[in-house]
Amino acid sequence: MSNVLSTGTSALIAFQRALSTVSHNVANINTPGYSRQRVDFTTRNPTDYGYGHVGGGTKIADIHRVADSLAISRLLDAGGELARLQQLSGLSSRVDSLVSNNATGIAGMWSNFFDSVSALSSNAASSAERENLLAQGNALATRFAQLDGEFDRLDGEVDAGLQSAAGEINRLAAEIAQLNGKIGSSAGSAAPDLLDRRDLLVSQLVEYTGGSAVAQDGSTINVVTAGGQALVVGATASRLTTVSDPFQPGRLQIALETQGQQIRLDERALGGRVGGLLEFRSSVLDPALAELGRIAIGLGDAFNQAHAAGMDLYGQMGGAFFDLPVPNVNAHAGNAGTAALQASLGDIGAMDGHAVVLRFDAGGWSATRADTGASVPLTGTGTAADPLRVNGVEIEVSGAPANGDRFLLQPTAGAAGAISVAITDPSRIAAASPVKVSADLANTGTGIAGKPVVGDAAHPDLLATASIEFIDGNQYTIDGAGPFAYVPGQALSANGWSMTLDGVPAAGDVFTVGPTGAGSSDNGNAALLANLDDARTLNGGTVSLNGAVAGLTTSVGSAARQAQYSAEAQQVIHGQAQAARDSVSGVNLDEEAADMLRLQQAYQAAAQIISTADAMFQSILNATRR
């Protein structure tokens, strides 16, 4: 009878725990990272009840979670990559929106500016058109500054994101290390919920840093970043922090704190959200910022050169229309020498906008791309007479550099935020050609002079009056010098200008070239300025300013779309990995309901066994009372 009672009691206790486990599964069906738990039964040893005992009932051998380490590893990898791509896609789409939207991009203001130049070329003496040109020039400069400022704010968001991520990474790593200690000390009997909690924290950590988790000794888990940097080793957690960029103190980088030192991590050493932030900054934001500055400088330089070749209403040669900033050169924080570098604009057509690292070693300078490390051609010695020349920038070195000293040259970054209109007086706009040509009234030939074109606005005799006299239809003199051979249609040039004749001049025909003078309504230079947007002035004379503006929009849009497509594809991969994990570890209500019904019936049967044992015991008691 005691055999029956103990058998029923053990079964009742075992099935009660099994029912509690099923209830626990159902209750946690929506708990992130929960793995369903399963009860393993085993037969109780009959010898526990003495000799001759038949059957000892049942007991719980183990309650363990149902998990597939391979499926979990796949989910970790997919989750880290998804977090990186989503971060990259989200920020890239914001840059795309800024550049492509007419309300925030430069295309609209760019068009308005050149429309105002065209309007001036149609009415060069109009004060209203001159005022409008200045207004549109200021509006375009303001839009450049606004867009540059938005890019700076996005850079600040990246820094804030790195600071926030570093704090969260440290919290997660510390808790994982703590759980490793608890699980490792449990000698293989760790609670399933504790294992689930650790796996959830590991997945959250990998979402920040990328990387993987590696099991050690069957109990603890080590976590490493995408670049192999250890974040958690057993019960020890590393710490990440943010440090200032050695070239740009206002910009943050991620560093690993180890043995009292801070080791800067390469952006390729991190994945997840942090990797997405760093990749966005290096592959989308910085190139867009540099290209925006290159467009601003390209516009300003081309416009200034053409404007300087014209004449204003005061009869003076035009000066700079735009004020242009000089390229940035920042010294590395670890430099030991006293050298300082001053950069200036050189060949705008050779500028590509890429940041360059200048390094001094063994008495000489070398240049490499900051993003790829590729070598960049460098000439010059750095003196005022022979400056360093790299990618269209000229650099003068003062002070004494030490071996190993480095400097970061950013030719165009930030330039868009510093460009401005240099003149405020509308009459200073050089819309007229500086020289004009007139034909002598006594000319008998059919030659008609075209407008002179200024090729060298700095020529000292540009505004000097010059007389062109034809000896016959094949020869001419300029201010008595010559004679020079003449072929119909050929250019006649002197003093920095050139002109052509339409028709055939006769002997004795005279053409006089002289200064346009003050108050002229001539529109020769304005017509040239109006067509500058199509002039091929960038990339060695292969790309126009309009092409560069369109190229910026296209490149940013392409990067944003590529990141979006990659994120969407990774979302599918992550969904498949999640489904694979859930097919093994997820809670199925139908299965749990079936288990609950089966266990409930078993529990009732065990209770009936106990009831039967009680009835037998009562029968024996009743029999003895007689």
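This report describes the sheets, salt bridges, and a few selected residues of the structure shown above.

The model is a predicted one, in which local features need pLDDT of at least 70 and side-chain atom pairs count only at pLDDT 80 or more, while totals for chains, interfaces and linings use all residues. Residues are numbered from 1 along each chain as its sequence is written, and side-chain values use heavy atoms, with hydrogens and water left out.

## Sheets and the helix across one of them

Helices (H or I, at least four residues) and strands (E, at least two) are DSSP runs numbered from the N terminus, and two strands are taken to pair if DSSP finds at least two bridges between them. An open sheet of 5 strands, with antiparallel pairing, follows the order β19-β28-β22-β23-β24. Its edge strands, each pairing on one side only, are β19 (435-439) and β24 (481-485). On average, neighbouring strands of this sheet are turned by 25° against each other, direction ignored; axes here are lines fitted to C-alpha atoms, for helices over the stretch in contact, and angles run from 0 to 180 degrees between N-to-C directions.

Within this sheet, β22 (residues 466-472) pairs with β23 (residues 475-478) in the antiparallel sense over 4 bridges, and E469 stands opposite T477 in β23. Strand β23 also pairs with β24, again in the antiparallel sense, over 3 bridges, with Q475 opposite A485 in β24. The strands β23 and β24 form a hairpin that has 2 residues between them, and D479 in the turn has a positive phi of about 50°.

An open sheet of 4 strands has antiparallel pairing and the order β3-β4-β5-β6, with β3 (212-216) and β6 (236-237) as the edge strands that each pair on one side only. The pairing of β5 (residues 230-233) with β6 is antiparallel and runs over 2 bridges, and V233 has T236 in β6 as its bridge partner. Helix α4 (residues 127-184) lies across β4 (220-224), β5 and β6, and runs at about 25° to β5.

## Salt bridges

A salt bridge is counted when a side-chain nitrogen of Lys or Arg is within 4 Å of a carboxyl oxygen of Asp or Glu. A search of the whole structure finds 25 of them, including the three pairs below.

| Pair | Closest N to O distance |
|---|---|
| R65 and D196 | 2.8 Å |
| R65 and D199 | 2.8 Å |
| R171 and E175 | 3.5 Å |

The pair R65 and D196 links distant parts of the chain, with R65 in strand β2 (residues 58-65) and D196 in helix α5 (residues 192-209), 131 residues apart. For accessibility, buried means under 20% relative accessible area, exposed means over 50%, and partly exposed lies in between (1.4 Å probe, protein chains only). R65 is buried because its relative accessible area is 17%, and D196 counts as buried at 6% relative accessibility. D199 lies in helix α5 and R65 in strand β2, so this pair ties together parts that are 134 residues apart in sequence; D199 is buried, as is R65.

The pair E175 and R171 is placed in another setting, since both residues lie in helix α4, 4 residues apart, which is about one turn of the helix. R171 is partly exposed, with a relative accessible area of 39%. Elsewhere, D155, D159, R251, R281 and D286 are linked in a network of salt bridges.

## Selected residues and a surface patch

T21 lies in helix α1 (residues 2-27) and counts as buried at 6% relative accessibility. Contact means heavy atoms within 4.5 Å; leaving aside neighbours within four places in sequence, T21 is in contact with Q37, V39 and I63.

D96 has its place in helix α2 (residues 69-100). Not counting residues up to four places away in sequence, D96 touches N101, T553, V556, G557 and A560. From C-alpha to C-alpha, D96 and A145 are 17 Å apart in space, and they are 49 residues apart in sequence.

V26, I29 and L589 make a nonpolar surface patch of about 210 Å². Patches are made of residues with over 30% relative accessible area and no salt bridge, with like charges joined within 9 Å and nonpolar side chains (Val, Leu, Ile, Met, Phe, Trp, Tyr) within 5 Å, and accessible areas come from the Shrake-Rupley method with a 1.4 Å probe, where for residues only the protein chains shown count as cover. L589 is found in helix α9 (residues 589-625) and is partly exposed, with a relative accessible area of 45%.
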